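Open the model in your viewer and keep the selection box handy. We will go from one selection to the next, with a short note on what is there each time.

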Amino acid sequence: MSIDVAAIPVAPADSEELRRCARELRQASAPLRLSAENILFSWGMLPEVYRAPESVDLQDAMTLVGPAAVEILTGLQLACAAVETLADELDAVTRERTALVARIESRCLPGLRALPVADDPLSRQLAADARDDAEAGFRRECAALVDRWDAAVDACAARLRAIPDVPWTLSSTLRADEHDPIAESTSILDAAALPLLARLADHDGAAATRLLAAHPEWVAVLRRARPETIARWWNSLTPTTAAALTATIPAVIGNLDGVAIAARIAANRSRVTARIEELRRQRLEAQLTADPLTARFRSPSAQADSRLRAIDAEIAYFEAVQDGRKQLYAWDPDHGSLIEMSGDPAQATAALFVVPGTNTRAESFFGDESISRFADWQTSTAHGSVVSFTVMTGPMPQLVDIPTGGGPQFSTQALQRAPEYAHFVQGVGAAQPDLWMMSYEHSYAGAVGSAAEAYGGIVDARFLAATVGAVGPYTPVPETRYFAAQAPDDINRYYAGLRLADLGFDVPPESFPGVRIVDSGLPGLNPRNLIIGGPAEIVGDSIDHHNALMSDDERINGKVLNSVSSLLTTKGKTT
Amino acid sequence: MSYSLQPDEVIGITDRLRRALNETLDRSDALRGAVDALSTALARVTPARAAFDDVADARVALSRGIVSHGRAAVAALRAIVVSYVTADDEMATTAASLDALTRGPVFDPSRFGARPS
């Protein structure tokens, strides 16, 4: 073995590669803990809704999932630590190798010359002995490197072998099924709803009313079904059966995502007569209360007048629905949902979902200052090519609830509305797949739209109008285009991007990757208010500018109204 | 013990669990990939690799076992729900026929005489 750098052994493994792989393994194992918690949290709700002798075993079935996750994490963390220690030890030996290489290379530098050897046998013998000694030393050093590397590897193997085996109780109970399909399991939602739908449609829907009266819990089961499944079922019905179901169970058909849009509108229209009658009865009672003779004994007349005005506004709204001036796509007063539609879906090529945010209530749809004005403007401007929906899928946060612990500063209601909104989006898409879909989310509703994406509420474009953004971590959907607009002094800007648990929203809309900022045309802070108006005027302007983005007045909100209109006309190509 | 089944809630839980298990399966697959990568990096240090494979493979198998076990539980719940939504008519029919049978006078006057007024 001659003294040559090429003869020096190299490390048996790339320490940097080992560290990188160990780091990735740690990162890959950590989320399993979250998965286990998610499984256990879901399963933990079961005893509340299923109580029977045989259910006890089922409820206990997941008790080992938590310990299994801990076992996986602990074992792999120890394994990673052992590998990282190996990498460190390999590096230490490699540094010795580097020193050896440097020594060998310094002996072979071009400028250095070996001392001349006298041309006699003794000198030659001495020189040969010296060379042999040097080579033996070189061999010993190379062997030492190999020995130390081997020792490091053996120590690593010993540390790995010292990690306890997975306990038998875990490995025997939680055994991987070889036949377990790799693909995602199929949903139970459709499997549960389809038999019920079939029974409702039996004999042209003759028994539907009786069945739902006997089993009111079916409605919730039906509403959980996927909209595309509902759409397939609905399209398979004969016109007679569909008409019969629309007439006999309108509250179900009128709120079932996936049913044809026209059928839902007809179903909900047929329901408002009873509501109008009820409101008229309430009006009579309120009139008695408001009567000047009795008012002084019962309630302040101003309050009673206000009640009368509210009833009148609601009656006027439902009369408009009754005579077709307004169209109700969804209406479930018990749940707090109301979705109004404007336009003709049969002619439209694009759909706009206007989702108003904080302070939206059913009353927001009634009266002259209806919340649906933005959507109506878009439908009217598009001359038939757009069908618009003003969407309230359930209770939205109210500012008046802040003293009692509610309000829009919490993300709770956004997360509650998200699956409902996703269902709504999927329902329109399933009923009319050729529509290009865009949402216009205002204020708090931006968090609803962002969270809904995780439930499949995917639209072609999202316009975030002064929205709170999203609860992080948030990843935009690749196939969706994002637009955002707000006044420079919008009230949301004061706290955008801040979150602590369910308080606040940490991903402001302007920070969404790929978002396109649209000029709102709204003014910013009025400098005069810094001197004269004070904080009250500054905040007042911020709120006005925030609310302006729901206006249908072109003098106030012209830029955004026209940007959205342009997006709808060009299918998202220009604003 | 009181017996109760809230079908829509059970369905919700089952579907939520199904999604959680799908997510777990994805994470288990990612874990498998990370374990394989580290095992490959240890290819030339055979004793360490063998020991690492023993430790890591058992844990990856356990993560898959969580999915399999969970899916068995989902299947059990699914069977309960499906039997509820499909057997309800039979139960209703049986209940209705029982109702008809018992609707008559429990106290038969032909056998026991007229009920004292």
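Start by selecting residues 445-452 of chain A, which form helix α18: 8 of its 8 residues are buried. Bear in mind as you look that this is a predicted model. The buried residues of α18(A) are A:Ala445, A:Gly446, A:Ala447, A:Val448, A:Gly449, A:Ser450, A:Ala451 and A:Ala452. What do they pack against? Show β4 (350-355), α17 (412-431), β6 (436-442), β7 (461-465) and β10 (503-505) of chain A, and you have the elements that the buried residues of α18(A) pack against.

**The sheet in chain A**

Several of those strands belong to the next stop. Select β2, β3, β5, β4, β6, β7, β8 and β11 of chain A, in that order, and you walk across an open sheet of 8 strands with mixed pairing. Its edge strands are β2 and β11 (516-517) of chain A, each of which pairs on one side only.

Now pick out β5(A), residues 386-392. This strand is mostly covered, with 7 of its 7 residues buried. Turn on the side chains and look at both faces of the strand. In a regular strand the side chains alternate between the two faces of the sheet. Here A:Val386, A:Ser388, A:Thr390 and A:Met392 point one way from β5(A), while A:Val387, A:Phe389 and A:Val391 point the other way; all of them are buried.

Which strands flank β5(A), and in what sense do they run? There are two to show:

- β3(A) runs antiparallel to β5(A), and 5 bridges join them. Two pairs to label are A:Glu340 with A:Thr390 and A:Leu338 with A:Met392.
- β4(A) pairs with β5(A) in the parallel sense, also over 5 bridges. Here you can label A:Phe353, whose bridge partner in β5(A) is A:Phe389.

Add helix α16, residues 373-382 of chain A, to the view. Together, β4(A), α16(A) and β5(A) make a right-handed β-α-β unit.

Move on to the edge strand β2(A), residues 327-332. Is this strand mostly covered or mostly open? It is mostly covered, with 5 of its 6 residues buried. β2(A) pairs in the antiparallel sense with β3(A), residues 337-342, over 5 bridges. One partnership to label is A:Gln327 with A:Met341 in β3(A). The hairpin of β2(A) and β3(A) has 4 residues between the strands, so to speak a short stop on the route: select A:Gly336 there and check its backbone, where phi is positive, near 95°.

**Chain A as a whole**

Zoom out and show all of chain A. Its secondary structure comes to 20 helices and 11 strands. The C-alpha trace spans about 140 × 75 × 50 Å along its principal axes. How does the radius of gyration compare with that of a compact globule? Chain A has 36 Å, whereas a compact globule of 575 residues would have a value near 25 Å. Of the 575 residues, 38% count as buried. Among contacts in chain A with a separation of 6 or more, 72% are between residues 24 or more positions apart.

For colouring, use the three domain ranges: domain 1 (5-173), domain 2 (194-253) and domain 3 (335-570). Taken over C-alpha atoms, the centres of domain 1 and domain 3 of chain A are 53 Å apart.

**Chain B and the contact**

Next, switch to chain B. It has 3 helices and 1 strand, in the pattern β-α-α-α along the sequence. Buried residues make up 39% of its 117 residues.

Finally, show both chains and select the contact between them. How many residues does each chain give? Chain A gives 70 residues and chain B gives 64. On the side of chain A that touches chain B, the elements that give two or more residues are α1 (15-44), α2 (46-49), β1 (50-51), α4 (65-107), α5 (121-161), α6 (168-173), α7 (188-205) and α9 (218-224). The largest share of that side, 15 residues, comes from α1(A). Colour that side by class and you will find 45 nonpolar, 10 polar and 15 charged residues.

The last selection crosses the two chains. β1(A) and strand β1 of chain B, residues 4-5, pair in the antiparallel sense over 2 bridges. Label A:Tyr50, and opposite to it you will find B:Leu5 in β1(B).

Key
Residues numbered from 1 in each chain as written. Chains lettered and ligands numbered in written order. Predicted model: local features only at pLDDT ≥ 70, side-chain atom pairs only at ≥ 80, totals over all residues. Contact = placed C-beta atoms within 7 Å. Nonpolar A, V, L, I, M, F, W, Y, C, P; charged D, E, K, R; others polar. Pairing = 2+ DSSP bridges. Rg over C-alpha atoms; globule rule 2.2 N^0.38 Å. Buried ≥ 20, exposed ≤ 12 C-beta atoms within 10 Å, placed from the backbone. Domains from an automatic or database assignment. Right-handed = clockwise from strand over helix to strand, strands pointing away.
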